[in-house]
Structure formats: structure tokens, C-alpha cells
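Could you walk me through this protein in plain language? I'd like a short report with headings that I can follow while looking at the model.

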Amino acid sequence: MTPAKIPSVTVLAEARRRAEQAAQEAKTSNAEKQADDTTATEGEAPGQPDPRVGRKDKVLPARFPQDGEDLFTAEEWEAQRLAAFQGKAHEALAVGVRELGAPLEELAIPRRAAGPRDIVIDLEYCGLCHSDVHTARGEWGSRAVPLVTGHEMVGRVCAVGSEVQSWQVGERVGVGCMVGSCRVCEPCKRQDEQFCIHNAVGTYGTWDEPHSERTQGGYATSIVVPEDFVLRIPEKIGPAHAAPLLCAGITMYAPLEDLRVGPGDKVAVAGIGGLGHMAVKLAAAMGAEVTALTRTQAKAEDARRLGAHDVVLTTDEGSMAAARGRFTVLVDAISAPHDVNALLDLLAPRGTVVLAGLPADADGSEMPLVDPRTLVNRGLRLAGTKIGGIEQTQRMLEFCADHGVVPDIEIVTAADMNEAWDRMVAGELHYRGVLDIGSLDSHLNA
């Protein structure tokens with residue numbers, strides 16, 4: 001097979017322009033047909049798209065069960081598994097949505113053949129992230145469908161491309177929130193692929209120009225990924241516990257490392273949920289004095305178990321007043337609309353609030369504006385966190401292995417995914433749900 005060429009900056013910029021134009025033209029059925037014709041792959045006749053290739057369309061290739069029948073017979077599924085282990089194009093079993101806002105259901109999605117520098121991963125677990133829910137329910141804008149989410153996956157290498165040297169069949173590996181970037185812009189060259197100027201390729205719902213497909217995520221039995229975007233899972237971390245580290249873990253680790261948090265720092269964490277509980281554990285492992293900010297006494301007791309040295313109830317005006325000017329770093333992991341000004345008041349001079357939670361409303365219109373005088377008068381900083389690059393994510397995994405930091409998880413089966421999503425939104429999952437991928441095809445392997 002011929003290696004996939006990394007496109008030039010000019011090509012990537014033009015591809016992005018074309019994608020935006022295609023999205024605009026897709027408002028009418030005639031324009032959608034024109035977009036199909038003009039994006040035909042090499043050797044493909046216009047108007048006859050390859051059914052195995054995810055296009056820039058509103059509808060992606062997938063199969064759903066018909067008339068209550070299974071997607072595969074046992075023999076058919078064994079053939080697909082064999083194809084995956086041989087690095088060939090195959091179908092994966094998955095859980096996804098047929099339309100944005102629809103319930104999760106089982107489907108089959110195509111996976112490309114491994115290119116020379118790709119690896120195929122036989123997935124074992126995939127973490128459930130609030131971002132998955134926001135995206136699949138259309139709360140963050142439109143996406144092509146059907147859509148399979150999931151960007152916290154762990155499994156074993158089952159096939160490698162002809163030029164892969166860093167990975168071997170049988171190794172346990174992970175894949176996080178991105179599966180590609182241009183590799184040539186300044187952020188990419190300094191290992192900040194998540195800030196790629198030409199857009200990092202998200203693990204799901206993103207047009208992947210080099211492979212001419214739209215990505216589908218890790219709620220599936222397999223995935224094919226360029227070797228540069230694969231992470232090594234330390235032996236000290238179990239695969240189910242490792243999965244949420246690839247989003248929640250790195251999202252919290254990155255700002256703490258960037259701010260050089262350590263002994264002597266006083267770190268507050270607001271929102272003790274999927275993200276916040278990881279911030280508590282990581283900051284404590286780094287040697288900081290950690291305070292949890294929460295509304296309920298039940299969460300206060302749990303925060304101490306997670307490693308918090310102190311707890312402030314945000315519903316207690318006296319406790320909040322006593323905490324003013326106390327913290328050098330405050331991690332805001334609240335995903336619901338809230339007033340950041342109240343959190344800024346808790347910072348010591350030159351302190352930093354790091355925003356990690358994103359509300360469902362796309363434009364943030366429900367969030368009160370930050371008073372700039374609060375920042376200026378005490379030299380405060382307001383920052384954000386968006387995962388980390390591949391190199392930093394690998395450092396995070398090693399740090400967690402060395403310090404015994406793992407998320408609190410609940411294992412979820414494919415049949416319980418809709419309920420698990422509802423529980424996650426309600427704050428009832430403690431604290432990260434993890435899909436057991438084996439539950440997807442257990443009936444076919446029985």
C-alpha cells in the first residue's frame with residue numbers, strides 16, 4: 001500500500017474552505033448532490049460514492065438492524081473480526097445515534113483498511129464523556145449522522161501497517177480526543193496538536209481529509225488510527241480505569257502542569273463530577289493543598305475521600321466569604337451556566353481560574369459576563385483547558401501510574417447506555433461511566 005501523504009498547509013486550508021462551502025450548499029438536495037459529485041475519490045465516477053467511505057454528507061454509511069434481526073450472523077461477525085486482525089477494511093459493531101437527539105442504538109460502521117502507518121485496535125473499553133451527550137443531542141450544533149461518539153478508548157493492537165515500528169500486535173494502547181492534525185503548523189511542531197491551526201482531526205464527527213472519511217468514535221469494537229496518535233497504557237493502570245484519563249484526565253492534568261502546581265499551592269476545585277474529581281486527585285498528587293467547592297454535604301464527604309484537604313460549601317455565605325483571596329489556582333469544572341465572578345473573588349492576587357466545563361448553550365449566552373475590573377485590580381488570570389497534546393497526554397498517563405491516580409468509574413453495558421447517559425447528565429454517575437465493549441458482541445461470541 002502507498003503511504004498516505006501528509007497534505008501541505010495550502011492543501012489543508014483549501015480543504016477547510018471546501019468543507020465550509022459544502023456545508024452551506026448542503027441546505028438543498030440539489031446542492032448536496034453537487035457536493036457528492038465534486039468530492040468523488042480517485043477512481044470513482046461522479047455521483048457514485050463508495051458506500052464504505054464517509055463523505056462530507058449529512059448522512060454517513062452505516063447499517064442498522066432490520067426487522068429485529070442481528071446485524072451479523074456468528075459466521076459473518078467472525079469474518080469481520082478476522083478482517084480487522086488482518087488490517088483489512090471491515091465493519092465494527094457500535095452504539096450510536098441515527099439522528100441528533102435520538103436514543104442510542106446498535107449499528108455497524110465501516111472501518112478503513114490499515115495504511116502503512118496505521119494501527120488497528122481491538123477495543124476493550126470506552127469512557128463516557130459529557131461531550132458525547134452534548135454532541136449527539138445537537139446541543140453543540142449540527143453534525144453528520146449517524147454518529148458514534150466516544151473519545152476515551154483503550155484496547156489492544158490487533159494489526160499494524162507495513163511501516164509501523166513503534167507498536168506491536170498485542171500491546172495495550174489508548175486513543176483520546178483526536179486522531180490527526182496537520183503536523184506542520186507551529187502548535188503541532190511544539191506538540192500542541194490539539195491547537196492545530198488547520199484543525200485537529202477529532203475522534204468523532206470530524207472530516208478527516210487525508211483519509212477521505214468522517215470520523216466515528218470509540219463506542220465500537222475497533223478503530224483504525226495513525227500511529228502518531230496512539231498512546232501507551234502503563235501496566236500499573238487497568239484498562240477500564242485508563243479510558244477516562246484520555247479525556248477527563250488530560251483535561252485536568254494539562255492546566256495543572258502548565259501552571260506548575262506543586263507544594264505550596266492552594267488549589268480549589270469547583271464542581272466535583274467527572275472532571276472535578278480528577279482535578280482533586282491530580283492536584284493532591286502534585287503536592288498542592290486542595291479545597292473542594294461544592295453545593296452539597298454529600299459531595300463534601302466524597303471530596304475528602306478523593307483527596308481534598310478542605311471543603312467549602314458554596315451555599316454557605318459565611319464559608320464563601322472566609323475563602324475570599326485564598327487560592328492560587330481554581331479549577332472551574334462546572335458544566336451548567338454559572339457566575340464565574342464569584343469564583344474569581346476566591347483567588348489570591350495573581351491567581352488563575354481555569355475554565356474546564358462547557359454549558360450546553362453553544363454561545364454561552366446564559367453565562368454572566370466577567371467583570372474586567374475584577375481581573376485588573378488584583379492581576380488575576382482567566383484561562384481555559386482543552387485536553388493536551390500527545391506528548392503531554394503520555395506524561396499524564398505515566399504520572400498517574402507512578403502516583404496511583406485513577407478515576408472512580410462505573411462499568412456500563414451497551415444495553416444500559418441510554419440510562420447511563422441520563423444518569424451522567426443528572427450527576428448520578430460516580431464519577432465516570434465506562435462502556436464495556438465486550439458487551440457489544442457478547443451474543444455473537446456466545
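## The whole chain

How much accessible surface does the protein chain have, and what share of it belongs to carbon and sulfur atoms? The surface comes to about 20000 Å², and 50% of it belongs to carbon and sulfur atoms. Areas here come from the Shrake-Rupley method with a 1.4 Å probe, and for residues only the protein chains shown count as cover.

Keep in mind that this is a predicted model, where local features need pLDDT of at least 70 and side-chain atom pairs count only at pLDDT 80 or more, while totals for chains, interfaces and linings use all residues. Residues are numbered from 1 along each chain as its sequence is written, and side-chain values use heavy atoms, with hydrogens and water left out.

The chain has 446 residues, and 51% of them count as buried. (Buried means under 20% relative accessible area, exposed means over 50%, and partly exposed is in between, using a 1.4 Å probe and protein chains only.) You'll find 14 helices and 19 strands; these are DSSP runs numbered from the N terminus, with helices being H or I runs of at least four residues and strands E runs of at least two. Take the contacts (heavy atoms within 4.5 Å) between residues at least 6 apart in sequence: 69% of them join residues at least 24 apart.

## Nonpolar cores

A nonpolar core is a set of buried Ala, Val, Leu, Ile, Met, Phe, Trp, Tyr and Cys residues joined through side-chain atoms within 4.5 Å. The largest one here has 91 residues, and Tyr219, Leu282 and Trp421 have the most contacts inside it. Helix α6 (residues 239–258) gives this core its largest share, eleven residues. Apart from it lies another core of 16 residues, including Val312 and Leu343.

## Helix α13 and its surroundings

Which residues of helix α13 are buried? In this helix, which covers residues 417–425, they are Met417, Ala420, Trp421 and Met424. Looking down the axis of α13, these buried residues fall within an arc of 100°, so they line one face of the helix. (The arc is taken from the directions from the helix axis to the C-beta atoms.) They pack against β2 (104–111), α4 (130–136), β18 (409–412) and β19 (432–436).

Now check what flanks this helix. In the loop between β18 and α13 sits Ala415, which is exposed, with a relative accessible area of 72%. Its C-alpha atom is separated by 8.0 Å from that of Ser439, although the two residues are 24 apart along the chain. On the other side, α13 is followed by Gly427, which has a positive phi near 75°.

## Strands side by side

Two strands pair if DSSP finds at least two bridges between them. Strand β15 (residues 327–332) runs parallel to β16 (residues 347–355), and five bridges join them. Here Val329 stands opposite Thr352 in β16. Strand β16 is also joined to β17 (residues 381–384), again in parallel, by four bridges; in this pair, Val353 stands opposite Leu382 in β17.

## Cysteines without partners

A disulfide is a covalent bond between the sulfur atoms of two cysteines. How many disulfides does a search of the whole structure find? The search finds zero, with a disulfide counted as a pair of cysteine sulfur atoms within 2.5 Å. For Cys126, the nearest cysteine sulfur is that of Cys129, 9.6 Å away. Cys126 counts as buried, at 0% relative accessibility. For Cys188, the nearest cysteine sulfur belongs to Cys185, 3.6 Å away. Cys188 is buried too, with a relative accessible area of 7%.

## Backbone oddities

Most residues other than glycine have a negative phi, and most peptide bonds are trans. Asp67 has a positive phi near 55°. You can spot Asp67 in the loop between α2 (29–38) and α3 (74–85), where it counts as exposed at 78% relative accessibility. Arg183 has a positive phi as well, about 70°. Arg183 lies in the loop between β6 (178–180) and α5 (186–189) and is partly exposed, with a relative accessible area of 29%.

As for cis peptide bonds, one joins Val145 and Pro146, with omega at about -5°. Pro146 is in the loop between α4 and β4 (153–160). The bond from His430 to Tyr431 is also cis, with omega near -10°, and Tyr431 lies in the loop between α13 and β19.
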